[in-house]
Amino acid sequence: MGSLDATSTSLAEDLQDLQLDRPNKGLKSVEELEKLTVDEQLSDIERSVYLLSSGQEVQRISVIHNLPDLLRDTESHDECMRRVVPKVREVLHVAQTEMQLAASSAFLQILQKNLVPIQNYSQTFLQTILNSVDSKDPDVASAWLDTLLDVIDLLPKEVIKKEILGSAIAKGQLAQSVQSRLACCRILGKISTKFEPFVIKKEILPVVQSLCQDVDYEVRGCMCRQLDCVSRGLGLEATKSAILPELVELTNDEECHVRIAGLETVVNILTLLDAETCSATIIPLVCKICQQAVQAEDATLPVVATQLGKLCHGIADNLTDEQKQWFIDYYKKLCHVGLEKNKASSRVTMAVSDKERTKESDLTDIFELEDKLVECRKNSAFNFPAMVLFSGAKQFKQELHVTFTHLCKDPHFIVRKTISGGFHEVCKLLGNSAQLIQADVVALLKDESIEVLKGVVSNMPAILDCYMTSGSNHTISESKSGPLSDIIPAFLASENAIFTSNNWRLQQELMENMACLIKCYSSENLYNKVIPILRQKLSKARALPVKVAAARSLLTLTRKVKKHEQREEIFHSLIHDFCHARKCYWRSVFIDICRIVIELYSKKFFKESFYEYLLELHTDSVPNIRLRLCSILPDLKRLLILPTDRGLLQQLDACVRKLLVSEKDRDVSEGIQDAVEELDKIHIPMQSMTRRNFFEQDLEDQKKEEEEKLLLENEEKELKKEEEAAEKKKGDKRNLVSAKKGSENGSSKIPGPRKGSRAGLPGSNTATKNENRPVIPNSKIAGTSNNKLVKSKSSNCISQIPRRDSKELSKTKIVSPVPAPGKSGNKVQVNSNTSKQSSGESNINKKGVSSPKLSRLPLYSSNPNIHQGRPSSPSLIPIKASTSGTTNKTSKTTRGSGIPAPGSAGLRRASVPTLSTTRRGSLSGQLSTEVNPKAKSSNGAMSPSIKERKKSR
């Protein structure tokens, strides 16, 4: 316990010691407040002079920052130049770094804004800049030198020659410090483009040549980088005689830093040189530099890999075929450098570690070398599009295809990342040969590194466009998908790896780029493969920008979905899952979805599908939802056109009134007030005026509406084509079956009459045969119609109801059930070809077979059969038969097509037959069988007598 107390005590003391450096959080003392207090009656000029003289560092810096504003005021301009500027120059001699940096920025702004004449500026501010360049503080000197270089671009050459040239030449003498000579190199390179060639050759060139031979390698390297500007000021001839010898010597310098600067200068100077100079001097020089870099494997190797693409492009016109092939082979070596030596270096490291003779310096050298080789391959991958352009797309398969595959499978992720970032450029250069690298893009899309996936996914629209235009067809269907059949599934599968990371920006980019699949995929593939992913990410993605990007791509792809049912299902799910969601977060996302719908779809579509659902949110219980709704209300008013949308305008006005009257939240009240002000500025156009004055504004909306209508029309056409194809297929089957039957049945090819086609007509042989034929159950009787008269269930009139087909009725048996004593409600099966009435008369066949004479009676049908011989479409509805409890007589009610003779069973024919539409089993369907011919109802149908009803009770 004692040790713990001691430890805690020491920790507390250490924490107190750490707090000593923290500023005091207490109030300022009276003395400090007096130092910071300035008289408010002082003018801006007097206050600036006072603060520069006796103010603190912070106050002086504020005055220097405010100096351009003081000079901008015309009233205080002269007084500021007379009193404030000299004070500022005086203070800068002893100022700290922060004040020096503020002054360098303020002096440049004064010249950029032309606040001071050039003559006054050169006498005051420019002299301070030139003196401050020699500051002992390297940060301060670098800041003032950058200011001087920017000022040179804005000054006339007379001022530069008079004020700056002499100072720059003086700084370049060997007696000056290295810092002064480095500043001289940069100044001479900047002013060389300002003067004529003879001035440069006389004044500047000797100093330049001296600095190229300087004893310090930093000075030689800095001057070497400025030779490009000096050469452009001198011209071609002076460059060939004076600059090129110096440049060749610098590229062979013993210091790697100088050789790198020489190579960069050679690349930059190529556009100035002629073909003869390039062939005689530059090409041999470049080849020598490249060979030395590979042999030494020093810091120049990554630089050579970086500059090789630009270098080959610059000298391509001056190369022979052998030299061109040499550069291509050299580039392939750079792409493979270090891959074979990794294993060897690892073996050497292991052996040395076993012998315990390694040192930390040796290990660091090995790691530095590996980093250089990886950087070399990375730079080579960056220059691959330039080398494809250099070699030509026709030679890609033979020369660079294998190298490209190796770069895509490089063991280091930074190389794969670089090649994936330029993949779309390679596709564009290859054109129709882009299918050669199809497997490589699939491999990159399946990479585990998020950085590698980022390079491909970010440029996927450009890659897909290249593959689409490389083929003969610009529209890719399922059967002719070609290389996209492998690329698109890999692209969709990459979302699993991307969404496991926390890089929400890459997730957003993936969701946005999925919209490019609208050009490549069919409607069914979009609905079945792409849209489910977007809907899932819209619901489950964490970052709001990812959700918005998924919603935009989803609504974009939905425009191509051909089936109306699928589109309606998507829109219904958006409304159900977001607008009617329980969580306010999803309802807020619905407002973002509505903004996207307004942007992508026509006004008419939004008003029909989303307008009213969006306005429902004005009654939301969460204030943030109502606040967000207020911001979209002006957009809703811009969609309306009178008088068509008068009802929608009334709904919008009611929503605004309710928010104005009943809103209690302060932020929402302010939001609705701002929305009302903007709504008042919006004028709703009339429909007649829209066609004339607003046609150009609504041209895009009309185009969207036409696309939506065309989508519906195409869907209807496809449905009609499918129906016609199905009917044609059925007809072909029927013809085939009839042809088979005809070949099987008989020798005669003359078609015979249809069954029952002439049945029941006078003179028909079939009718005469059927007159003397007894009626048999389950048999078809020619000459009779398939309709019967039944009593309606809803009224007492007789209605004719069509029966089922004759094939179905032929299977119905005629049964005359005899109910057992004490039972009632037996169902009766109706014969398809006869009509019976259970009235107790002698003309009813009680054995279940109708009289043959009834088949020749005239028929009455609600659907008369126009085509003789063709049975009308029948239907059969079972009707319950009611029996009396006192007698054993069976009462039956049937529904059929035939009617008995006028004198039978006391029934009368109804004047107008009607169709019974009441429900089966209703009380009106249970008809009594004993009818009194003297008792009539209001509609002419017979009703039982009162005596008989009492007997039945």
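Colleague: With which residues is F384 in contact, leaving aside its neighbours within four places in sequence?

Modeller: This is a predicted model, in which local features need pLDDT of at least 70, side-chain atom pairs count only at pLDDT 80 or more, and totals for chains, interfaces and linings use all residues. Residues are numbered from 1 along each chain as its sequence is written, and side-chain values use heavy atoms, with hydrogens and water left out. Contact means heavy atoms within 4.5 Å. On that basis the partners of F384 are Y331, F396, L400, T403, F404, L407, I419 and V426.

Colleague: How many residues does the largest nonpolar core have?

Modeller: A nonpolar core is a set of buried (under 20% relative accessible area, 1.4 Å probe, protein chains only) Ala, Val, Leu, Ile, Met, Phe, Trp, Tyr and Cys residues joined through side-chain atoms within 4.5 Å. F384 is among those with the most contacts inside the largest one, as are F107, F125, Y467 and L614. The number of residues in this core is 224.

Colleague: What percentage of the 953 residues in the protein chain is buried?

Modeller: The count is taken over the protein chain as a whole, with its 953 residues. The buried share is 42%.

Colleague: What percentage of the contacts with a separation of 6 or more comes from residues 24 or more positions apart?

Modeller: The figure concerns the protein chain and leaves out contacts with a separation below 6. Residues 24 or more positions apart account for 70%.

Key. Buried means under 20% relative accessible area, exposed over 50%, partly exposed in between (1.4 Å probe, protein chains only).
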